[in-house]
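I opened this notebook to record what I looked up in one structure. The entries follow the order in which I checked things.

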Amino acid sequence: MPSIYSSSTAKTVSTNGNAGKTNLRSGRFTPNGIRRCLTLLLIVSCIHWAAISSPAQTMKRVFDKDTPAHRAALKFMRGVNIGNALEYTNGSPAGGLTYNSSDFTLIKSEGFDHVRIPVAWHLYCGPAPSFTISNEIFTRADALVNGALAKRLSGIVDLHHFEPFSKSPSSNTNQFYAIWRQVAAHYANYSSIVAFELLNEPHDIASTASVNRYFPEAIRQIRVTNPERTIFIGPGNYNGMAELTPPSVSTTSSGLVLPNDDLNLIVTVHCYDPYYFTHQGAEWAYDDTRTVGVVFPGPPLTPIKPDARITHSFVLDWFRGYNTKSTAINPSSTSAFRTSLRDLRAWSDYYGRPIHFGEFGCYDMADPVSRADLHRQIRDEMDFRRFGWCMWDWKAGFHYIKNGRPDPLEIRETMFPPIELKLSDSATIEFKSAVGKTFVIQRTDSLLTPVSWQNVATQTLSTPSFSHFGDTTKSDAGGFYQVLWVK
Ligand code: BGC
């Protein structure tokens, strides 16, 4: 994770397109003897640069609301990341967490429907040109994928922390494609609830314009062995939400461009806003995140003093707003992400492509009440906008669980709100809880033991409002009812 994150607060730091332009200009000052050759190169480079920066790349709208991707998205509604295991070199202190079947049993019983499995495949490749992936990492990845499948959890296998690609996509494309050819062939016969995610958080030179250039070819190569597999793809700037241009801003440029003819693609984005709250004290981030004791939502009871090591003035501005603004407009509140989520819903509706939040969460340096509040607010917003989500992470620094139980305990209720039940005036049963959950409605004639409950309906909550069932005034509708959440 970067120190300068792709949040709305830190958008100002972007280098990508300009670096290309600067290189081209320097060509003009080369000696005469090789000028012709360089002119040719310059033209080729210009075409290349124009291709990766062209705003003219358009994406067709999809009007069918029942594409393979829409159907698949329903299997990736509430997930958790299997973090700090396979996304590092073997033996690295940052990795090193092991997962076994009891993790997957607990993940399932808490109510999650999928896991995301980050894997640093590139660290386990042999030399070019084949970049053969070691059996060792396949065995370790298989254990996680099979562990999830054994509990009927869907799984997303990604390519994580591929830094060389972000630094120089053009010199690492062969490895990128080689990894996906091998991973795709390996999992070709796996269940359809295993999905692939091309690249976690592309950044720096791997901008959105750049991935627009390389992703279609990776998808084409995966399709050779996996014509039906769901593939997640995310934009540059660390899967930044602002990289998808909402239709209110432009209906000709979508930001991330998906191949028009592939309808089994889900877009993935990350949200760590408000970043100076969620990443406070994060050792791997830079000095801008050193201020601890930041609460959610702001403002704090007593203004806090930003850490003296902060290096960017916009971070100091953020803390000025945090100390003084009311909760409704405080930078450490839902206002940090609500508009982005609204714009993403509009993007998804306009282009007809589902969006998933592959990462969000809060480092455990924040106080437990604030952590629970952040999760409640963001989960509410995601459910309200009908996005699938996958929190970072299960049992590492941003954990859902610590020492075998949810931590803080309230996090269970914030991620999996209990069922609310009421009887409406028209005598229908109304119930609600989190979106994407499936509920069974049961009926019995009598509550005298032994009670015999019969299933009468199954419904999946597709909006965050109350769902209705039946009319209990009808002659055949009397009796007692209960609503159960099927995990
Ligand atoms: C990184 C983790 C980090 C998390 C939050 C993930 O993408 O892989 O190392 O803890 O983001 O910053």
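Before counting bridges I fixed the terms: two strands pair if DSSP finds at least two bridges between them, and strands are DSSP runs of at least two residues, numbered from the N terminus. I also noted that the model is predicted.

Entry: strands 11 and 12. I looked up how these two are joined and found four bridges. Strand 12 covers residues 429–432 and runs antiparallel to strand 11. I then picked out one facing pair: Leu-421 stands opposite Phe-431, which belongs to strand 12.

Entry: the sheet around them. I asked in what order the strands of this open sheet lie. I read the order as 11-12-15, three strands with antiparallel pairing. Strand 11 (420–423) and strand 15 (467–469) are the edge strands, each pairing on one side only. From one strand to the next, I noted an average twist of 25 degrees.

Entry: another three-stranded sheet. This open sheet has the order 14-13-16, and its pairing is antiparallel. I found strand 14 (454–460) and strand 16 (480–486) at the edges, where each pairs on one side only. The twist here averages 25 degrees from one strand to the next.

Entry: strands 13 and 16. I asked how many bridges link them. I noted seven bridges, in the antiparallel sense, with strand 13 spanning residues 438–444. For Arg-443 I looked up the bridge partner in strand 16 and found Tyr-481.

Entry: the chain as a whole. I noted 14 helices and 16 strands in the protein chain. The chain has 487 residues, and buried residues make up 42% of them. I also looked at contacts between residues at least 6 apart in sequence: 76% of these join residues at least 24 apart.

Entry: the largest nonpolar core. I asked which of its 100 residues touch the most other members. They are Ile-117, Val-157 and Ile-231. I followed Val-157 further, leaving aside its neighbours within four places in sequence. Its contacts include Ile-117, Val-119, Ala-141 and Val-145. Also among them are Val-183, Tyr-187, Val-194, Phe-196 and Glu-197.

Entry: a second core. I found a separate core of nine residues, which includes Phe-431, Val-435, Leu-461 and Tyr-481. Two of these names were already in my notes: Phe-431 stands opposite Leu-421, and Tyr-481 is the bridge partner of Arg-443.

Terms used:
Residues numbered from 1 in each chain as written. Predicted model: local features only at pLDDT ≥ 70, side-chain atom pairs only at ≥ 80, totals over all residues. Axes fitted to C-alpha atoms, helices over the stretch in contact; angles between N-to-C directions. Buried ≥ 20, exposed ≤ 12 C-beta atoms within 10 Å, placed from the backbone. Contact = placed C-beta atoms within 7 Å. Core = buried A, V, L, I, M, F, W, Y, C linked by C-beta atoms within 7 Å.
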